[in-house]
Number of protein chains: 2
Amino acid sequence: MTSTTTTTMIAAPNREMAALAEERAAPAFPVRDMTYFLDGGKDATELKERFMLELERDPVWRKDDWPNLTLPEMRERTMAKARLIVNFLANEPVHVFRARMAVISTVDPGFWTRLGVHYGLFFGALQSQATSNQLTYWVQKGALAVHNMYGCFLMTEMGHGSNVQALETTATFDEASDEFVIHTPSLTATKWWIGGAAHTATHGTVYAQLIVRGKRHGVKVFVVPLRDPKAGTLLPGISIGDCGKKFGRDGIDNGWVQFTNVRIPRSYMLMKHTQVKRDGTVIDPPLAQLSYGALIQGRVAMVVDSGNTAKKALTIAIRYGAIRRQFASPGADQETKLLDYTIHQHRLLPLLAQTFAMHFAGREVDAMYTALMEQLDSVQPGQDMTTVLETLKETHATSAGLKAYCTWTTLNLIEQCRQTLGGHGYSEYTGLAPMLKDWAVQCTWEGDNTVLTLQLGRFLVSCCREAITAKTKGTRAKLGAGVAYLAQVPEILKRVCPVPVDAASGEVTDAMAVLDPSILRTAFEVAAACAVAKATREFETALSKHMQGVSATNKKARAAATERAHEDSAHARFVAAKTHSMGYLFGKFVDGVAKAPADLAAPLHRLVQLYGAHAITEHAGVFLTSGYLTAAHVSAVQTAMNALLRNVRKDAVPLVDAFNLTDFVVGSPFGAKDGNIYERYFERVTKLNPPLPKAPYFESTIKPLLERGIQDEEYPELED
Amino acid sequence: MTSTTTTTMIAAPNREMAALAEERAAPAFPVRDMTYFLDGGKDATELKERFMLELERDPVWRKDDWPNLTLPEMRERTMAKARLIVNFLANEPVHVFRARMAVISTVDPGFWTRLGVHYGLFFGALQSQATSNQLTYWVQKGALAVHNMYGCFLMTEMGHGSNVQALETTATFDEASDEFVIHTPSLTATKWWIGGAAHTATHGTVYAQLIVRGKRHGVKVFVVPLRDPKAGTLLPGISIGDCGKKFGRDGIDNGWVQFTNVRIPRSYMLMKHTQVKRDGTVIDPPLAQLSYGALIQGRVAMVVDSGNTAKKALTIAIRYGAIRRQFASPGADQETKLLDYTIHQHRLLPLLAQTFAMHFAGREVDAMYTALMEQLDSVQPGQDMTTVLETLKETHATSAGLKAYCTWTTLNLIEQCRQTLGGHGYSEYTGLAPMLKDWAVQCTWEGDNTVLTLQLGRFLVSCCREAITAKTKGTRAKLGAGVAYLAQVPEILKRVCPVPVDAASGEVTDAMAVLDPSILRTAFEVAAACAVAKATREFETALSKHMQGVSATNKKARAAATERAHEDSAHARFVAAKTHSMGYLFGKFVDGVAKAPADLAAPLHRLVQLYGAHAITEHAGVFLTSGYLTAAHVSAVQTAMNALLRNVRKDAVPLVDAFNLTDFVVGSPFGAKDGNIYERYFERVTKLNPPLPKAPYFESTIKPLLERGIQDEEYPELED
């Protein structure tokens with residue numbers, strides 16, 4: 001092979017390594033301290049480093065050969081990791097195990113999900129839906145230890161996703177035998193995309209329509225045994241197949257499941273909320289919303305995951321941008337680094353700022369969620385739930401909107417990073433293409449992003465309407481901290497940016513003054529207030545129209561009119577929710593940066609400015625129509641971008657270094673810390689695709705083509 | 001299997017089929033006529049239909065099992081198609097063959113590329129770079145017939161892409177033997193991503209630095225034999241390996257190639273432009289730009305391909321949106337179709353309008369290109385080339401910008417369509433996930449989109465500067481038709497939208513007047529003029545700065561200052577180019593629609609309005625800052641969106657029907673013309689992934705997990 005020869009032609013340390021070393025020669029801040037700050041302290045960093053090392057040294061976690069594995073190989077390799085992790089779960093304090101899983105979610109999103117369907121979804125459903133007796137029963141059967149039992153979560157059906165109440169699967173109570181009969185009545189009722197179902201699960205939590213004495217009581221949850229854990233074979237009445245090849249996350253065995261009159265004991269219905277008694281009496285729960293908790297957890301995790309995944313993507317793109325050269329300036333003796341181009345800085349550095357924003361927002365919503373869960377856990381029977389429910393509602397809406405905003409942002413971020421690798425971004429061995437495929441599902445599962453964004457929008461509009469109603473009564477609406485600004489929309493919309501516009505030139509002379517965090521924060525707040533006010537106005541206008549002629553007592557007609565008004569204002573609501581989330585993220589970013597030690601403040605402040613300036617440039621329409629910033633302000637911010645980018649560019653490699661991801665975790669030769677990018681890439685490609693003496697199908701396919709009789713061309717002559 | 005039973009539970013024609021039939025009950029226009037109009041006549045439609053049928057009936061073109069093929073299987077299957085197509089090439093008139101290949105590019109982008117590396121790139125290089133004697137020689141050797149010869153195109157290197165002049169591979173003339181020595185001097189000089197190299201090619205056109213008597217003469221093209229066509233094995237000095245797994249287009253055998261002192265006769269250098277004589281004299285060409293022609297062809301093809309691929313994606317997303325139901329209105333007896341939701345219309349219908357815009361723009365630039373090539377072919381020796389070169393420059397720049405604009409638009413369009421399928425969009429069997437992966441490379445190859453966009457920007461800025469210079473001289477710049485507006489930027493920027501704003505309300509009362517095509521066209525033109533003027537201004541300002549103190553005679557320093565000025569204004573130039581392309585597309589769309597027969601005009605007009613309204617809504621900042629539209633106009637357009645969407649929504653299914661793609665070509669159960677989406681999906685998934693009695697790795701991996709001794713939990717007790 002020529003490879004060794006040509007490889008060694010590059011002197012060590014080679015040009016690329018030197019290029020990266022140069023970036024680290026004089027960092028503007030202590031990089032290690034930045035890592036501690038981002039991780040939440042030295043101990044947390046060291047714990048992460050321990051996990052990264054442990055994974056790297058265990059061959060089952062090998063990642064470099066993934067692109068060349070077949071689907072069955074990937075499925076088996078992924079499952080083989082479960083045993084190890086299950087043991088950690090049994091032996092580690094919860095917070096340590098959670099930290100380990102956070103690392104794993106970045107290393108192997110497929111495995112994280114495969115284990116997540118058991119712990120997060122199946123066991124999570126037991127925790128939130130089972131009575132304490134039921135929970136004890138399933139734990140004793142092995143649900144927590146994953147012993148003789150592996151769970152899956154059967155909610156989605158082929159024809160039904162977001163609208164859980166429309167699921168078709170039935171659970172009919174048979175009083176005679178004290179059993180439920182679980183049944184799939186149609187093709188569209190087939191449970192679909194069930195992670196863990198195709199190969200692994202012995203049990204599942206099935207969402208089905210409860211039918212008692214011929215009456216429907218809505219969708220409830222039932223534990224249904226699926227396979228014999230000793231033999232691995234399906235139980236009677238259970239049909240399961242593999243959903244097959246997916247865009248990404250091929251380590252998960254998603255399957256479809258059909259039930260044909262499957263009988264389970266009555267006690268297998270999870271009865272924490274709704275209960276079905278022996279005689280068929282159905283007792284409905286007083287507070288159905290309490291079951292929201294489990295949904296929120298998943299969404300918060302995805303906000304955190306967005307930041308983590310973005311860090312990985314940027315480590316690759318920024319290190320590559322610092323070694324790859326292209327075109328030379330006149331008179332230069334070598335080509336220019338990509339990262340030194342204005343346009344490359346425009347492409348990558350705002351994404352770096354977004355990553356930091358998501359990092360801090362993730363930390364904040366995680367803390368909010370933990371506090372809320374503690375509140376919920378300490379609820380005493382008979383206690384007034386008003387405040388807790390208000391917080392639950394806000395957290396539910398906020399986390400829904402942020403999940404959508406951050407997963408979309410990250411999807412775009414990965415793709416933009418991928419494109420900055422040029423042609424190499426199309427390879428499966430440079431890391432970003434597979435990352436994109438693994439990530440994409442985050443925009444759909446645990447709540448479709450569009451549906452979630454509209455949900456947040458509905459909450460924002462209702463807050464805004466509440467505030468208006470309160471004002472007419474001379475009171476002030478009680479709104480949660482994150483939406484408190486909606487209590488004073490009219491006042492907010494009157495604000496104008498105090499940075500002066502020069503009367504003579506019509507220009508803003510002090511552009512940096514616009515980029516002061518408090519000015520930016522106000523700009524985001526006014527933009528959000530304006531968008532929510534617009535959505536509310538559109539809703540009210542539509543509501544008046546649809547309510548015309550509807551009697552005040554006709555509840556059904558009034559509900560229909562309200563729905564139509566929501567529908568007519570849907571797009572404005574959608575825009576309002578996105579604008580709110582963008583500003584929310586910015587606010588959390590500023591809050592997080594405020595806590596930074598003095599020697600880290602400057603680079604973080606530059607990122608805050610860049611995030612703000614980029615948002616204003618990209619969404620100029622939103623900011624201009626809200627009236628706080630004038631065209632002159634926006635233009636000044638646009639003009640300031642080049643200088644902002646040049647400043648952040650100097651920090652770019654130290655900042656991704658501070659993410660402190662090992663080469664193993666990053667999983668791309670292009671993200672290698674030493675900058676020896678081409679040698680690692682060549683080695684990986686050639687090791688996994690060893691050169692062959694000739695094509696495997698040369699004799700069967702290529703030779704017959706090249707040597708075919710070209711009689712075809714002679715036919716016309718025969719006709720002469 | 002339960003499947004049959006549950007399948008037959010749905011009465012035929014089922015609910016989904018009925019939903020789609022309903023959409024076709026009363027189309028607002030003659031659908032078949034629309035197909036004829038889009039295809040360019042009844043004959044063209046019938047030809048396409050013939051090709052689609054022929055492909056569908058030939059088992060080698062089978063597509064449904066692609067997601068389950070391994071990489072080697074996909075490579076072999078793809079290659080097996082070549083023989084068939086090569087025969088058509090030999091026996092069909094060129095225009096018929098081109099029409100056939102246009103269909104094939106939509107059916108199998110991987111095959112299209114695999115054949116394209118031979119015909120478009122290898123043979124294309126011969127056509128544009130070889131002397132006529134050389135061309136005859138290679139044709140006689142089999143280059144046209146693909147007989148004993150299959151070509152590849154070796155330009156890109158591991159460390160060098162867009163900057164062709166920096167390629168490292170050397171071609172050193174050895175006077176003694178009258179040969180060139182082709183050599184790979186370093187790892188980064190390895191030819192990379194070479195389609196056809198890994199398995200197929202016997203010859204390649206190699207781009208290498210010509211070195212004669214120790215002096216470099218820049219990059220030239222050399223034909224280098226790579227493999228023995230009889231044996232399929234590599235020739236001495238040739239090292240080739242497989243680039244392995246890619247994001248998409250796995251049917252192409254992309255490889256890497258290294259040369260170690262490979263000798264070829266002097267006559268294997270393609271000498272149409274530069275010549276190397278027997279004695280080592282190098283004769284440089286008078287008009288190097290003439291070789292641009294080949295680049296333009298590829299880019300024009302990609303604009304056309306963008307429209308075709310977008311049609312396929314929308315056929316899937318819109319038909320699915322018309323059958324999938326989710327959430328019910330209060331009182332409704334079934335859930336609402338996705339396509340009836342305002343937000344779903346916002347997601348999909350502007351993409352439908354974009355598709356039509358790309359269709360018409362593709363047709364137009366294709367015609368421009370053909371006319372230009374005819375001009376070039378008829379050039380006589382000694383003829384004045386000024387006009388032809390001006391047109392060449394404009395076509396080169398326009399096609400570069402449009403290639404970038406349309407391939408990016410289509411990438412986003414496919415992903416948006418994919419997300420509207422919800423979870424099913426993550427399956428490889430519903431068509432859009434693989435389409436995205438196949439498409440993504442279009443944003444990078446044949447000119448990276450960012451680089452191309454900046455190229456167009458540079459052309460626009462130079463036109464604008466030319467116009468200013470001409471004006472100071474009292475003349476008017478001679479600019480090509482597509483950029484003629486840049487000759488009168490100051491006049492254009494004074495324009496204000498004539499649609500009145502009501503003084504009392506501050507609102508536009510007649511929103512539809514803003515959506516008149518001529519008003520919209522002006523809005524796009526003013527926006528483009530404003531963006532180009534801004535980029536030009538930024539360039540001039542930076543140029544004055546960098547030219548300070550530079551002597552008028554110091555050519556090198558002046559060139560460096562100019563480059564720095566281009567660099568400082570890069571982002572403004574980038575925005576200018578994108579704004580220009582957006583408007584160019586709109587203009588071609590309006591021109592195309594103007595040619596429509598009367599009974600097709602109304603639905604097309606609605607799409608034109610929607611395209612315009614959507615662009616204004618999405619890029620409000622761009623339109624607002626250009627000054628033609630006021631905030632009141634933009635707000636009126638935003639408000640009009642719901643009504644526009646409702647109008648286009650009625651046409652949605654008939655419009656995608658008019659694309660006239662057969663189920664085979666669409667290749668997705670979700671795009672099935674009969675609407676029997678779920679049954680087809682279930683059938684495809686289960687046929688390709690037959691249910692198994694138990695997991696293949698149950699004994700090795702799952703059972704040991706479920707039955708492991710859980711001693712781990714007992715350790716702590718031992719310590720007591």
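Okay, let's start with residues 31-141 of chain A: that span is 81% helix and 0% strand, and its end C-alpha atoms sit 49 Å apart. Before I go on, please keep in mind that this is a predicted model. UniProt, in an unreviewed entry, lists those residues, 31-141 of chain A, as "domain: Acyl-coenzyme A oxidase N-terminal".

Now move along the chain. The unreviewed UniProt entry also has an annotation reading "domain: Acyl-CoA oxidase/dehydrogenase middle", and that one covers residues 152-262 of chain A. What's the make-up there, in helix and strand? Residues 152-262 of chain A come out at 0% helix and 44% strand. The end C-alpha atoms of that stretch lie 17 Å apart. So much for the annotated pieces; on to the two chains together.

How do chain B and chain A relate to each other? You can superpose chain B on chain A with a rotation of 180° and 0.0 Å of shift along the axis, and the RMSD is 0.0 Å. That's the relation of a two-fold axis. If you want to find the axis on your screen, look for B:Gly621: in chain B, its C-alpha is the nearest one, 2.0 Å from the axis.

Next, the contact itself. Chain B puts in 145 residues, and chain A puts in 145 residues. The interface residues of chain B are, 100% of them, interface residues in chain A as well, so the copies meet through the same surface.

How much area gets buried between chain B and chain A? About 11,900 Å², with carbon and sulfur atoms giving 61% of that. On the chain B side, the residues losing the most area to chain A are B:Phe247, B:Tyr426 and B:Leu706, and together they make up 7% of what that side buries.

Let's turn to the polar side of things. Between chain B and chain A we count two salt bridges. One you can click on is A:Lys230 with B:Glu707, where the side chains meet at 3.8 Å, N to O. As for polar contacts, there are 51 residue pairs between chain B and chain A, with both residues at pLDDT 80 or more.

And which element of chain B gives the largest share of the side touching chain A? That's helix 25, residues 698-707 of chain B, with nine residues. Sorted by class, the side of chain B that touches chain A has 63 nonpolar, 49 polar and 33 charged residues.

That's my tour, thanks everyone.

Technical notes
Residues are numbered from 1 along each chain as its sequence is written. Chains are lettered from A and ligands numbered from 1 in the order in which they are written. This is a predicted model: local features need pLDDT of at least 70, side-chain atom pairs count only at pLDDT 80 or more; totals for chains, interfaces and linings use all residues. Side-chain values use heavy atoms; hydrogens and water are left out. UniProt positions are given in the numbering used here, feature names are shortened, and annotations may be inferred rather than shown by experiment. Helices (H or I, at least four residues) and strands (E, at least two) are DSSP runs, numbered from the N terminus. Contact means heavy atoms within 4.5 Å. Buried area is the accessible area (1.4 Å probe) that two parts lose on being put together, summed over both. A salt bridge is a side-chain nitrogen of Lys or Arg within 4 Å of a carboxyl oxygen of Asp or Glu. A polar contact is a pair of N or O atoms within 3.5 Å; within protein, one must be able to donate a hydrogen and the other to accept it, and residues adjacent in sequence count only if both atoms are side-chain atoms. Ala, Val, Leu, Ile, Met, Phe, Trp, Tyr, Cys and Pro count as nonpolar, Asp, Glu, Lys and Arg as charged, and the others, Gly among them, as polar. Copies are superposed by least squares on the C-alpha atoms of residues with pLDDT of at least 70 in both.
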